[in-house]
Amino acid sequence: VPLDNKETMSIFSITKALGVTNEQIMCPTGTLGIPEFGTNFTIGMVDEIKPTTFAELIKIAGLSHGTDVWLGNARDLCTPDENGNIKVPFKETIGCRDDIMVYLMQQGVEPIKAFKIMEFVRKGKASKPKEKETWEKHKQTMIDNHIPDWYIESCHKIKYMFPKAHAAAYVISAFRIAWFKVHMPVYFYASWLTSKATDFDVETMTLGYEGIKKRITEIQAKGFEATNKELGLLESLKVCLEACARGIKFLPIDLYDSNASVWGVYDETSIRPPFSSVDGLGETVAKQIVKERENGKFISVEDFQLRGKVSQTLVEKLRSMHVLDNMPESSQLSLF
């Protein structure tokens, strides 16, 4: 996967490469479902920064994993005020612990002192009262080397900083996944639903774009009253809304075509949910159903329930989802 792909890079600022608008997917960026860049917090960061380079993505990853590095610190420096002015360009702000040592050395600070200041700051010691004396010494070293006041103050606020090597590794992985989202979308969404999503509403997903959007709006309207289950659903429904906006549809569960727990790619524009996506249907039962259907077709609902070891509650659920349509209830034959 090329790490310099322009279309992939563009989804971190605009959604054009996905063929959708922000309004359609109810998200200001194209990073839904992308590790490290798909949470509400990081989406907000990406929307404000609008990164255009790989280096900026690494800095964002560092900022999102740090403590008191972005909010109340770098954000106040690099985002426009009410007049549209910024104090410091984003590329000059502190993103990872390594940035401190490298910058100080470039400004003439001795390497060993630059290293000690970096270690002191990245552990959050600069803001601790008991370390005030040491901080004052480090601060004076920076003043003597003409380090800007904003930079010194930014160091003082930091509680923890992420290493750049870790941030780079995370971004490389995220960018590769983003490439698949742009260029092979149906496989991206099927893979995300299989490996990352925790809660599903298959019945809503199969309704298509408008049905999914309506359900999202209902959950969001609840605000803080939304349950953890609903918040989990919200995450997967937003990703599915985007998939539908891109022309991908979710097929209903099929007794002889659905997998046990893997979301299957039916064709280039369709995804089939697995049995385990049904609320309450665990992976063990899902595998049992697949195993038994390979031994022969189910001749009735009774046969399906017995061989698949499916509870009556799940049978009713599957019946309501039309999975058991056109199947007789009993295996017994009537003599009349």
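**Exercise 1. How many helices and strands does the secondary structure of the protein chain come to?**

Count the DSSP runs, numbered from the N terminus: H or I of at least four residues for a helix, E of at least two for a strand. That gives 17 helices and three strands.

Before going on, some ground rules. This is a predicted model, where local features need pLDDT of at least 70 and side-chain atom pairs count only at pLDDT 80 or more, while totals for chains, interfaces and linings use all residues. Residues are numbered from 1 along each chain as its sequence is written, and side-chain values use heavy atoms, with hydrogens and water left out.

**Exercise 2. Work out why the chain is more spread out than a compact globule.**

Step 1: take the radius of gyration over C-alpha atoms, and the globule rule as 2.2 Å times the number of residues to the power 0.38.
Step 2: for 336 residues the rule gives 20 Å, but the chain comes out at 26 Å, well over that, so it is more spread out than a compact globule.
Step 3: look at the C-alpha trace, which spans about 100 × 40 × 40 Å along its principal axes.

**Exercise 3. Describe how α6 packs with α7.**

Step 1: fit lines to C-alpha atoms over the stretch in contact, with angles from 0 to 180 degrees between N-to-C directions. The axes of α6 (residues 97-106) and α7 (residues 111-122) come within 8 Å and cross at roughly 150 degrees.
Step 2: classify the angle (under 35 degrees is roughly parallel, over 145 roughly antiparallel, 65 to 115 roughly perpendicular, the rest oblique). So α6 and α7 are roughly antiparallel.
Step 3: list the contacts (heavy atoms within 4.5 Å). From α6 come Arg97, Asp98, Ile100, Met101, Leu104 and Met105; from α7, Pro111, Ala114, Phe115, Ile117, Met118, Val121 and Arg122.

**Exercise 4. Now do the other pair, α16 and α17.**

Step 1: α16 (residues 301-308) and α17 (residues 312-320) pack at about 130 degrees, with axes 11 Å apart.
Step 2: these two helices are therefore oblique to each other.
Step 3: Val301, Phe304 and Gln305 of α16 meet Gln312, Val315, Leu318 and Arg319 of α17.

**Exercise 5. Which residues of α11 are buried, and what do they pack against?**

Step 1: pick residues under 20% relative accessible area (exposed is over 50%, partly exposed in between; 1.4 Å probe, protein chains only). In α11 (residues 185-195) these are Val186, Phe188, Tyr189, Ala190, Trp192 and Leu193.
Step 2: their packing partners include α10 (164-183), α14 (228-245) and β2 (264-267).
Step 3: for the whole chain, buried residues make up 47% of the 336.
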